[in-house]
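Here is a short report for a first look. It takes one chain as a whole, then a pair of helices in another.

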Amino acid sequence: MKQDILDRLLAAKADSIPVALVTDLNSGLQTLVFEDAVHGGFGLEDDLLTKVRERLRQDRSGLITDPEDDEGLRLFVHAHNPPLRLLVVGAVHIGQALAPIAALTGYAVTVIDPRGSFATESRFPGVTLNDAWPDEALTQLKIDSRTAVVTLTHDPKLDDPALLVALRSPAFYVGSLGSKRTHAKRLERLKEEGLRDAELARIHAPVGLDIGAVTPAEIAVSVMAQITAVRRKGSAA
Amino acid sequence: MTDDILQQAAGWRAEGRKVAVATVVATWGSSPRPVGSQMAVDEAGAMVGSVSGGCIEGAVVHEARKTMEDGEPRLLSFGVSNEMAWEVGLACGGQVQVYVEAVE
């Protein structure tokens, strides 16, 4: 490994930038593949670059080989990704269940709510709380492609500013609590705020997989299941 | 965890030591450490991280020193025997491939 590659790799990790270190096991040459750039010792053809970025997105390190040729191509892709994060807007009852479930699933959780009586340590023991206004909090937390955002307040004053930031961010998942009726009204408001149809279509609402969830904990399970499905299977979920 | 290992490798290099990094690139069956697991070794044999539950680290350090000397990367294959697998707490054996490279 060249010192230059190692330094750039460590710098990307320090800045929470996703990067894949690709090693040609036959030649020892290495290349860093970013989401939007490539740096290093050898070039990759477009189809291989796509496969590398797919692995980076899925956080799946491993070998890319030529199935037709045992002695041929052997690339090792080492995905280096910043930690997964879940930003929950609304320190509400469902959030109290969602925070620990998300933490178990491997997410660093932040609960955002400017209403002091909601976002308290006693309601959210051990959870990172942020009492800024949701749009300010989300901007400050720098949403990346390893971040999921869920709004749970039902209150347009809190949810809408959060969605305006989240839907223009690289977040891999944006979900918003509310019935179909609530969501239809929300879409109208956000459209007036200037969001395009493609941006609005990113919202998962009503939030969560349809498992007939009733209680706050069940809804939290359905939300976490949906986030997992989107992360592992792509936007199909 | 991986961060610490690569940072340690960079730190050792900055002190002028020879350093090699070993990475698990493939596993078959049950293997104690997943693909992407790493360890760094310096010329004196100091090491951080792991590529198995402890059963192949000695051999990897040996190969890492050769790589530090000649600069040639090495691709090592290990079959973890059932007996060894038992000792590292696995119910059945596995195979692991480890890539060793010098930082230069």
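Read along the sequence, chain B runs α-β-β-β-α-β-α-β. That pattern comprises 3 helices and 5 strands. The model is predicted.

Some overall values for chain B follow.

| Property of chain B | Value |
|---|---|
| Buried residues | 45% of the 104 residues |
| Contacts between residues 24 or more positions apart | 51% of the contacts with a separation of 6 or more |
| Exposed area | about 4800 Å² |
| Carbon and sulfur atoms | 49% of the exposed area |

Now turn to chain A. Helix H5(A) covers residues 156-166, and helix H6(A) covers residues 180-192. The two helices pack with their axes 11 Å apart. How do H5(A) and H6(A) lie to each other? The angle between them is about 55°. Angles under 35 degrees count as roughly parallel, and 65 to 115 as roughly perpendicular. The angle here falls in neither range, so H5(A) and H6(A) are oblique to each other. Their crossing is right-handed.

Which residues of H5(A) meet H6(A)? From H5(A) come A:Pro156, A:Asp159, A:Asp160, A:Leu163 and A:Leu164. From H6(A) come A:Arg186, A:Arg189 and A:Leu190. The residues of this contact divide into 4 nonpolar and 4 charged, with no polar ones. The nonpolar residues include A:Pro156 and A:Leu163. Among the charged ones are A:Asp159 of H5(A) and A:Arg186 of H6(A).

Notes. Residues are numbered from 1 along each chain as its sequence is written. Chains are lettered from A and ligands numbered from 1 in the order in which they are written. This is a predicted model: local features need pLDDT of at least 70, side-chain atom pairs count only at pLDDT 80 or more; totals for chains, interfaces and linings use all residues. Side-chain values use heavy atoms; hydrogens and water are left out. Helices (H or I, at least four residues) and strands (E, at least two) are DSSP runs, numbered from the N terminus. Buried means under 20% relative accessible area, exposed over 50%, partly exposed in between (1.4 Å probe, protein chains only). Contact means heavy atoms within 4.5 Å. Accessible areas come from the Shrake-Rupley method with a 1.4 Å probe; for residues, only the protein chains shown count as cover. Axes are lines fitted to C-alpha atoms, for helices over the stretch in contact, and angles run from 0 to 180 degrees between N-to-C directions. Angles under 35 degrees count as roughly parallel, over 145 as roughly antiparallel, 65 to 115 as roughly perpendicular and the rest as oblique. A crossing is left-handed if the near helix is turned anticlockwise from the far one by less than a right angle, and right-handed if clockwise.
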